[in-house]
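Me: I have a two-chain model open and would love a close look at one part of it. Could you walk me through that part and then show me how the rest is arranged?

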Amino acid sequence: MNAPLAKNRFAQRCKQLALGLSLIGMSWQVLAQTQIEDAWVRATVAGQPSSGAFMTLTASEDSKLLSVQSPVAKTVQIHQSSMQDDVMKMQQVQSVALPAGKPVSFDPHGYHIMLMNLTAQIKEGDKVPLTLTVENAKGEKETIQVEAVAKALDTMDHSKMTHDHSKMN
Amino acid sequence: MSTLYTRRTLLQGMGLLSLGLLAGCDGSSKLSFKYGKDLSDKIMGRNFKLKDTQGETRMLGSYRGMMPMIFFGFTQCPAVCPTTLARAAQAKKLMGRDGERLQVIFITLDPERDTPELLDKYVKAFDPSFEALYGTLEETAATAKEFGVFFEKVPSGDTYTLSHTATSFVFDSRGNLRLGLSTSLTAKECAEDLLTVMEVC
């Protein structure tokens, strides 16, 4: 009489375990996303129609950034700047590759997000919502929301700022 | 405040300074800069005639007695322009009292979109002493050409951005072109070379 019951319980435990494992698997799936760090936007003066957004993106699997949207700008584009013989070259790009696990930085020296035709002045300290669309190799799209903090117009980029600060003290 | 090395430069540079007064100021003497490019033998940027944000005509001669540092850009520039202007403001501070003679001048390459009001607000956000100049499209092109500054419109969607030379050009107080500062230099490196220009003239 007891044996089938025990068997039943065992089966139940197995089911629970399987459920638990699949839940862990699902949460792993949730974690397997593109991480965004240090998102910031350069503040503007009144009447300035565009600004840039900067951040570091790390995708967990090979992906690409397709587009960015923001309620503060009518047009958002991804641009790439490069320096050759002290000439700053600027161009629009359609997407940016995000190799698995490799942080890709969007900074004043390379890729950056252009917020154009701004609807209002961006003031220092403002939180600017950005929606990023990332697509993985299988063509699955993921949208990520981030709030970028507006830093002063005269903010130098990260690396140089720390550099100079260390020298200033 | 240890980086305000103007006193040290003054003391150490006394000899150099007197030498400079004798030999310098004619534009032909070579300078040795630690970080920037010596442009003493280049004849560039002598004849520009543009307007400041108050509508006054400005030429190189308008800045006699000051040390003009000229940078070309546009206010919709997301990266190199604000970074370079922020660096200029920092270098000016690092130079201490000598920095008062540094006149930073921002010349717009985008006069179609950069209105005088916008330009004024923009440069003064970095330092209240900074000036912005603008001209017509023709005057802008002529000025850029005079400095050997490359710029071109790059269409992006229904608007455009600009590619352009990002060098800062420094003149001595007599209007001789002296120094070219690349964007790769730090504020402190710029300040050191700017003080070298000052020692001579």
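How many bridges join E2(A) to strand E8 of chain A, and do the two run parallel or antiparallel?

Reply: Happy to take you through it, with the reminder that this is a predicted model. Four bridges join E2(A) to strand E8 (residues 111–118) of chain A, and the two run antiparallel. For a pair of residues to look at, take Gly52(A), which stands opposite Met114(A) in E8(A).

Let's stay with E2(A) for a moment. Strand E2 covers residues 50–58 of chain A, and seven of its nine residues are buried, so to speak of it as mostly covered is fair by the cut-off of 20 or more other C-beta atoms within 10 Å. E2(A) also pairs with strand E1 (residues 35–42) of chain A, in the antiparallel sense and over five bridges. There, Glu37(A) has Thr56(A) of E2(A) as its bridge partner. Thr56(A) also stands opposite Ser105(A) in E7(A). That second pairing belongs to strand E7 (residues 104–106) of chain A, which is antiparallel to E2(A) and linked to it by three bridges.

From here we can cross to the other chain. Strand E5 (residues 87–93) of chain A is joined to E8(B) by two bridges, and these strands run antiparallel. On this pair, Met88(A) stands opposite His164(B) in E8(B).

The contact between the chains involves 36 residues of chain B and 36 residues of chain A. On the chain B side, the elements that give two or more residues are H2, helix H3 (116–124), strand E7 (151–156), strand E8 (159–165) and helix H5 (187–200). H2(B) gives the most, with eight residues. By residue class, this side of chain B divides into 16 nonpolar, 16 polar and four charged.

H2(B) deserves its own look. The helix has 15 residues and reaches 21 Å from its first C-alpha to its last, close to the 21 Å expected at 1.5 Å a residue. H2(B) is mostly covered, with 14 of its 15 residues buried. Just after the helix, Gly96(B) takes a positive phi of about 65°.

Next comes the sheet of chain B. Eight strands form an open sheet with mixed pairing, in the order E1-E10-E9-E4-E5-E6-E2-E3. Strand E1 (37–38) and strand E3 (57–59) of chain B stand at the edges with a single partner strand each, so one side of each is left without a neighbour in the sheet. Helix H2 (residues 80–94) of chain B packs on this sheet, touching strand E4 (67–73), strand E5 (102–108) and strand E9 (168–171) of chain B. The direction of H2(B) makes about 170° with that of E5(B).

Within the sheet, strand E2 (residues 49–52) of chain B pairs with strand E6 (residues 131–134) of chain B in the antiparallel sense, over two bridges. Asp52(B) has Leu133(B) as its bridge partner in E6(B).

To put chain B in context, the chain has five helices and ten strands. Of its 201 residues, 49% count as buried. Among contacts in chain B between residues at least 6 apart in sequence, 70% join residues at least 24 apart.

Terms used: Residues are numbered from 1 along each chain as its sequence is written. Chains are lettered from A and ligands numbered from 1 in the order in which they are written. This is a predicted model: local features need pLDDT of at least 70, side-chain atom pairs count only at pLDDT 80 or more; totals for chains, interfaces and linings use all residues. Two strands pair if DSSP finds at least two bridges between them. Two residues are in contact if their C-beta atoms, placed from the backbone, lie within 7 Å. Axes are lines fitted to C-alpha atoms, for helices over the stretch in contact, and angles run from 0 to 180 degrees between N-to-C directions. Ala, Val, Leu, Ile, Met, Phe, Trp, Tyr, Cys and Pro count as nonpolar, Asp, Glu, Lys and Arg as charged, and the others, Gly among them, as polar. The expected span of a helix is 1.5 Å times one less than its number of residues. A residue is buried if 20 or more other C-beta atoms lie within 10 Å of its own, exposed if 12 or fewer, and partly exposed in between; C-beta atoms are placed from the backbone.
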